[in-house]
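Biologist: I'm new to this structure, and I'd love a close look at one part of it. Could you walk me through the aromatic pair and the nonpolar core around it?

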Amino acid sequence: MPDSLAPLDRLMSTLAQRAADRPAGSYTTKLLDGGPEAIGAKIREEGEELIEAAGEPGDAGREHAVYEAADLVYHTLVLLAWRGISLDEVAAELARREGTSGLAEKASRNKN
């Protein structure tokens with residue numbers, strides 16, 4: 001694994017542990033206890049904030065977009081942990097799609 005992805009792997013391990021243990025006083029536990037509705041609401045919120053930040057000019061806008069992207073990734077990983085999905089599974093799905101046109105992949109889903 002590239003060193004740049006190690007923090008994601010560590011975070012996912014922590015989230016999986018939180019999902020199993022549900023420690024009191026943890027923001028992650030609060031989200032997990034709220035299920036896909038609560039986690040999904042945060043994903044929608046963070047997605048909107050990322051889109052807004054991406055449109056902001058200059059270096060400050062770029063830094064804001066990085067910050068919001070991290071929030072979106074965190075909340076997405078919480079949802080994966082809630083569902084018991086590993087990053088390896090997501091990576092395998094991306095690898096399966098590699099070299100396939102996104103339009104072709106989407107069209108194949110509509111036939112099933």
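Modeller: Happily; here is the aromatic pair, followed by the core. This is a predicted model, where local features need pLDDT of at least 70, side-chain atom pairs count only at pLDDT 80 or more, and totals for chains, interfaces and linings use all residues. Residues are numbered from 1 along each chain as its sequence is written, and side-chain values use heavy atoms, with hydrogens and water left out.

The structure holds one aromatic pair (rings of Phe, Tyr and Trp, the last by its six-membered ring, with centres within 6.5 Å). Its partners are Tyr27 and Tyr74, with 6.3 Å centre to centre and 20° between the planes. That makes the pair stacked (planes under 30 degrees apart; over 60 is edge-to-face and the rest tilted). Tyr27 sits in helix H2 and Tyr74 in helix H3 (residues 58-83), 47 residues apart; helices here are DSSP runs of H or I, at least four residues, numbered from the N terminus.

Tyr27 counts as partly exposed because its relative accessibility is 39%, whereas Tyr74, at 17%, counts as buried (buried is under 20% relative accessible area, exposed over 50%, partly exposed in between, with a 1.4 Å probe and protein chains only).

Tyr74 also belongs to the largest nonpolar core, which has 11 residues, among them Met12, Leu15 and Leu77. Such a core is a set of buried Ala, Val, Leu, Ile, Met, Phe, Trp, Tyr and Cys residues joined through side-chain atoms within 4.5 Å. H1, H2 and H3 each give two or more residues to this core, and H3 gives the most, with five.
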